Amino acid sequence: MKKVITGDHAVAIGAKLSRADVVPAYPITPQTLIIEHIADFVNDGEMDAKFLTMESEHSVMSAAAAASAAGARVFTATSSQGLAFMYEMLYATAPLRLPVVMVNANRTLTAPPGIWCEYNDSMGVRDSGWLQVYVEDNQEALDMVIQSYRIAEDKRVLLPVMPCIDGFVLTHTVEPVEVPQQQDVDSFLPPYTPDIILDPERPAMIGTLMPAEYIMEMRRQTADAFESAKKVIQEVNDEFAKKLGRNYGGMIDTYRMEDAEAALITIGTVTSTSREVVDDLRKAGKKVGIVKLRFFRPFPSEELRKVLSGVSAVGVFDRSISYHGGGPAYNEVRSTLYGLMIPVINHLAGIGGRDVTKEQIVKMFDLTLKAAKGEKVKEIYWHNTRGETV
Amino acid sequence: MKLKDLPDDNLFTAGHTACPGCGAAMSIRNAIRILGKDTVVYVPASCAVVFGTTFPYGAWKVPFFHTAFENTGACLTGMKAAFEKKGKNVTAVGFAGDGGTYDIGLQSMSGAAERNDDILYICLDNEAYMNTGIQRSGGTPFGAWTTTTPVGKEVQGNRRFKKNLADIVIAHEIPYYATLSIGHPMDFIRKVEKAMTIKGFRFLHMFTPCIPGWKMDPAKTVEVTKLAVESGMWTLYEVENGEKKITYKPGKMRRVRDYLMMQGRFRHMSEEDIKKLQMWVCRKWNLHYGEKGAPEVCEIAPPEEHHAVTEEHREMHGP
């Protein structure tokens with residue numbers, strides 16, 4: 001059934017269709033609509049879940065971890081300051097192998113205070129042990145909540161997953177969304193059946209003190225699970241495509257990359273605008289394409305090296321800044337492409353929620369094409385920014 | 001349950017690495033004997049994580065969970081929700097210290113109390129951050145030496161009186177709050193058993209001497225606890241649905257000095273400071289038991305700067 005709904009509404013429906021058992025919640029703009037919709041579902045008897053009104057995000061992630069350890073399928077959502085307030089508990093959840101799914105509505109992390117889209121909240125926790133996937137539209141937001149449980153709960157993975165959706169651009173914007181049938185979701189997503197939980201019938205101790213003699217192995221196991229996740233993500237993507245009819249490509253998605261000379265790596269909603277720009281530029285005879293970075297953790301290194309091996313230059317879009325130069329995606333991509341001798345340039349845009357227009361994206365492609373032709377370009381560009389700009 | 005009927009199915013086993021005479025370990029061991037095997041335990045950052053769970057050893061034979069320091073209330077809420085959703089009849093119990101309850105964990109505990117979640121919160125109160133090496137907490141008594149309230153040339157020991165946590169907890173209008181002492185085992189058993197029969201947020205406040213933190217003889221844990229009660233430094237009572245009931249009243253009020261002198265953490269205290277503390281205890285005794293403390297103990301000449309003391313008292317307990 002098609003519904004015209006906000007991204008937050010789509011996410012809430014995704015949690016309901018995934019049959020989450022426990023939903024600890026705390027409100028923060030622009031995530032608020034998600035938990036409001038879930039509260040409605042629960043109070044209307046449409047969703048059989050324990051909805052817990054916690055007193056802070058730290059307590060949300062604490063309750064989420066404990067409920068997951070006790071064997072429940074857990075859903076929650078947060079944003080920005082809330083994610084930062086959870087920081088400690090994000091690091092507690094992953095190595096204990098608790099497959100919580102939490103949507104992050106991307107928003108500026110203060111200062112300065114702002115409520116619009118920026119990736120400095122979720123990208124700041126990229127090493128917390130959570131898988132991260134960035135989505136392009138409301139449909140993908142809904143579908144990735146469902147897929148995230150399959151990935152998180154896979155015994156080869158057992159890690160928490162954070163689908164990230166652009167604040168306001170998706171959270172508060174309505175789009176037509178195909179809402180899957182419950183029985184189709186049920187056939188795709190079986191109930192959660194963990195092996196080790198807090199159960200008096202089979203007592204286990206979870207979260208014990210670890211001497212130095214053992215911690216490295218635990219880290220190694222978590223790192224290995226990230227490697228396994230790459231395969232699982234692809235399998236889940238393919239099965240979802242087969243059963244529910246939508247294929248997102250897996251770790252990355254590509255658009256008109258077949259003979260591209262210059263590629264732009266995009267994240268989130270900017271991808272949609274970029275698709276239009278690519279069509280325009282292609283009409284004008286320019287060989288350009290897009291690689292949509294879907295998963296940021298695990299990072300799609302092999303996929304990028306493969307798809308970018310034939311291009312002459314790569315531009316990377318970033319919606320947050322890493323203060324040692326460029327954005328997080330730029331630094332990851334450059335590191336990934338090390339040795340291929342392909343110039344990589346960084347396009348910082350849309351930070352703090354500023355609109356990213358087609359004109360800006362045309363400039364990003366122009367600069368990347370210049371680099372492709374061997375012309376001298378800078379490494380990092382701030383687009384549509386006061387002061388020195390392009 | 002009678003003392004002789006107390007089961008010993010070793011749910012918190014011997015072989016843990018707590019100090020000899022540890023009040024917290026004794027409280028945990030006795031509580032879990034009463035709570036039984038259908039219990040899941042959460043312990044925040046504390047000695048109890050170190051002495052009971054250092055991998056690859058573990059003293060718990062009931063399920064145990066630990067993540068962080070300030071989240072006992074929230075973790076109990078989360079696990080209980082999971083048990084309820086799965087239809088499992090399991091008691092969710094937290095053992096948090098005074099730091100994890102009076103200070104850093106206050107918000108999380110308050111959230112769970114306010115929601116009246118069906119959990120059992122146990123505070124093991126040893127009156128300072130002992131696991132990090134004896135630093136002052138909101139539960140540290142007046143005059144006590146800790147590494148962050150040292151006995152200096154100008155300032156000696158903790159200058160604030162112990163935070164009145166009980167009234168904060170009770171103000172949440174929870175179904176059950178009780179204070180316990182390992183020196184009073186029958187009272188201890190009855191309160192744990194009672195807490196098990198009540199639905200909603202239950203808070204058991206246990207007084208747990210710390211041998212290195214209090215600088216005391218490890219053979220005297222029970223004796224010190226008893227003296228705390230006999231002197232009025234700790235009082236035994238319960239509050240059920242707002243109704244307060246005193247469960248033990250000492251026959252004769254002992255001087256606080258007798259209690260202080262058993263512990264190195266108070267040994268530096270000046271006569272003036274001991275008087276100040278004695279006046280605080282007498283006031284507390286009066287409020288608590290509804291009668292004046294023993295005249296030979298409480299009718300003492302106030303210390304010289306008694307006006308300042310009165311101000312402090314007013315600040316702590318209102319007019």
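This report walks through a predicted model with chains A and B, from one strand of chain A out to the domains and the chain contact.

**Strand 14 and its neighbours**

A good place to start is strand 14 of chain A, residues 313–318. All 6 of its 6 residues are buried, so the strand is largely enclosed by the rest of the structure. In a regular strand, side chains alternate between the two faces of the sheet. Here A:A313, A:G315 and A:F317 point one way, while A:V314, A:V316 and A:D318 point the other way. Both sets are buried, A:D318 included.

Strand 14 of chain A pairs with two other strands of chain A, as the table sets out.

| Partner of strand 14 (chain A) | Bridges | Sense | Residue opposite A:G315 |
|---|---|---|---|
| Strand 11 (residues 262–266) | 4 bridges | parallel | A:L264 |
| Strand 15 (residues 344–348) | 5 bridges | parallel | A:I345 |

A:G315 is thus a handy marker: A:L264 is its bridge partner from strand 11, and A:I345 stands opposite it in strand 15 of chain A. Between strand 14 and strand 15 of chain A, the chain passes through helix 11 (residues 328–336), and this β-α-β crossover is right-handed.

**A:V314 and the nonpolar core**

Next door in the sequence, A:V314 is worth a look. Leaving aside neighbours within four places in sequence, A:V314 is in contact with A:A263, A:I265, A:L308, A:V333, A:L337, A:I342, A:V344 and A:T368. Two of these, A:A263 and A:I265, fall within the residue range of strand 11 of chain A, and A:V333 falls within that of helix 11 of chain A.

A:V314 also belongs to the largest nonpolar core, which has 227 residues. The residues with the most contacts inside this core are A:V11, A:A67, A:A69, A:V314 and B:M79, so named residues of both chains appear in that list. At least three residues of the core come from each of domain 1 and domain 2 of chain A.

**The two domains of chain A**

Chain A is divided into domain 1 (2–244) and domain 2 (252–382). Their C-alpha centres lie 28 Å apart. The contact between them takes 25 residues from domain 1 and 19 residues from domain 2. On the domain 1 side, strand 6 (131–134) and helix 8 (212–244) of chain A each supply at least two residues. By class, that side divides into 15 nonpolar, 4 polar and 6 charged residues.

**Where chain B meets chain A**

How many residues does each chain give to the contact? Chain B gives 37 residues and chain A gives 36 residues. On the chain B side, the elements giving two or more residues are strand 1 (39–42), helix 2 (47–53), strand 2 (64–65), helix 3 (72–85) and helix 5 (106–114). Helix 3 of chain B gives the most, with 10 residues. This side of chain B has 18 nonpolar, 13 polar and 6 charged residues.

The chains also share strand pairing: strand 9 (residues 205–206) of chain A and strand 2 of chain B pair in the parallel sense over 2 bridges. Within this pairing, A:M205 has B:F64 as its bridge partner.

**A loop residue of chain B**

Finally, is B:E173 buried or exposed? B:E173 counts as exposed because it has 12 C-beta neighbours inside 10 Å, and 12 or fewer is the cut-off for that class. B:E173 sits in the loop between helix 6 (165–170) and strand 5 (176–181) of chain B. Its C-alpha atom is 21 Å from that of B:N71, a residue 102 residues away along the chain.

Methods:
Residues are numbered from 1 along each chain as its sequence is written. Chains are lettered from A and ligands numbered from 1 in the order in which they are written. This is a predicted model: local features need pLDDT of at least 70, side-chain atom pairs count only at pLDDT 80 or more; totals for chains, interfaces and linings use all residues. A residue is buried if 20 or more other C-beta atoms lie within 10 Å of its own, exposed if 12 or fewer, and partly exposed in between; C-beta atoms are placed from the backbone. Two strands pair if DSSP finds at least two bridges between them. A crossover is right-handed if, with the strands pointing away from the viewer, the path from the first strand over the helix to the second runs clockwise. Two residues are in contact if their C-beta atoms, placed from the backbone, lie within 7 Å. Ala, Val, Leu, Ile, Met, Phe, Trp, Tyr, Cys and Pro count as nonpolar, Asp, Glu, Lys and Arg as charged, and the others, Gly among them, as polar. A nonpolar core is a set of buried Ala, Val, Leu, Ile, Met, Phe, Trp, Tyr and Cys residues joined through C-beta atoms within 7 Å. Domain bounds come from an automatic or database domain assignment.
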